[in-house]
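Welcome, and please open your viewer. We will go from one selection to the next, with a short look at each stop.

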Amino acid sequence: MDYFLIEILLLISVIIAAVAQSKVSTTFSKYSKVTSKVGLTGAEVAERILHSQGIYDVNVVHIPGNLTDNYNSSNKTLSLSDSVYNSRSVAAISVAAHESGHAIQHATGYGPLTLRHAIFPAANIGSKLSMVFIVLGVFMGLNTFLIYTGIILFSLAVIFQVVTLPVEFDASNRALQLMNDNGILYTEENSGAKKVLSAAALTYVAATITAVLQLLRLVALYGGRRRD
């Protein structure tokens, strides 16, 4: 692929990422002002959904921050942020349901999540060391071994991003379905919940596109080089 074209696409992907992040903030803010008619808090929604699936060994806890919500499979802890844990808004319960979806994926052995866990150590190392190898390779006279090692390490992080997509989309789909199955969402609240979850999903799509284009850029820059 033409290097100039990759640079243009990379710039576009950065813009998409910025737009996606802005959309998450504005959408969450909008539906944070819409109180769910059922009146459950984010923490209560998470517990109801988990219990409906026979899951009682996951701890739902409060953590500081805004949209720092996550599920930790290593200690089976579902952490909900300040803006979600005690909130009764449509935005909050949607996020709580999404994180519950990850806990359910873990409990049922969802394939893509298992794969993501398996490649995480390598991807984590790759994301931290890839540029170190590439920069060293450049400073050492375009040392192809170091540069190619860096590119391979970066590709591991890209693979992790790609695998993350189905995990996140599935968690959101589960969230919507389970909120409806458990009488948590009124019909007119479905649209708001979908918008909150779709906005969040867009950030993962943007991150994946950016990572793939960055990899292509590295290949275009150094992939064909040989040391003199």
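Start by selecting Asp170 and Arg174, which form a salt bridge whose closest N and O atoms are 2.4 Å apart. This is a predicted model, so read every distance on this tour as computed from it. Both residues sit in helix H6, and because they are 4 residues apart there, about one helical turn separates them. Now switch on a surface. Is Asp170 buried or exposed? Asp170 is buried, with a relative accessible area of 17%. Its partner Arg174 is partly exposed, at 22%. The two values fall on either side of the 20% cut-off, so the two residues get separate labels.

Stay with helix H6 and select Glu168, then add Arg116. Their side chains meet in a salt bridge, with 3.5 Å from N to O. Here the partners come from distant parts of the chain: Arg116 belongs to helix H5 (residues 111–139) and Glu168 to helix H6, 52 residues apart. Both Arg116 and Glu168 are buried.

Next, select Lys37 and Glu188. What joins Lys37 with Glu188? A salt bridge does, its closest N and O atoms lying 2.3 Å apart. This pair also links distant parts of the chain, 151 residues apart. Lys37 is in the loop between helix H1 (3–32) and helix H2 (42–52), while Glu188 is in the loop between helix H6 (144–181) and helix H7 (190–222). With the surface on, Lys37 is exposed, with a relative accessible area of 51%, and Glu188 is partly exposed, at 49%. The 50% cut-off lies between these values, so the labels are not shared. A search of the whole structure finds 5 salt bridges, and the pairs visited here are among them.

Now hide the side chains and show the cartoon. Which order do the strands of the open sheet follow? The sheet has 3 strands in the order E1-E3-E2, with mixed pairing. Strand E1 (59–62) and strand E2 (70–72) are the edge strands, each pairing on one side only. From one strand to the next, the twist averages 25°.

Zoom in on E1 and strand E3 (residues 77–80): they run parallel and are joined by 4 bridges. Select His62 to find it standing opposite Leu80 in E3.

Finally, bring the helices back. H2 lies across E1 and E3, running at about 155° to E3. Helix H4 (residues 90–108) lies across E2 and E3, at about 20° to E2.

Methods
Residues numbered from 1 in each chain as written. Predicted model: local features only at pLDDT ≥ 70, side-chain atom pairs only at ≥ 80, totals over all residues. Heavy atoms only, no water. Salt bridge = Lys/Arg side-chain N within 4 Å of Asp/Glu carboxyl O. Helix = DSSP H or I, 4+ residues; strand = E, 2+ residues; numbered from the N terminus. Buried < 20%, exposed > 50% of the residue type's maximum accessible area, 1.4 Å probe, protein only. Pairing = 2+ DSSP bridges. Axes fitted to C-alpha atoms, helices over the stretch in contact; angles between N-to-C directions. Contact = heavy atoms within 4.5 Å.
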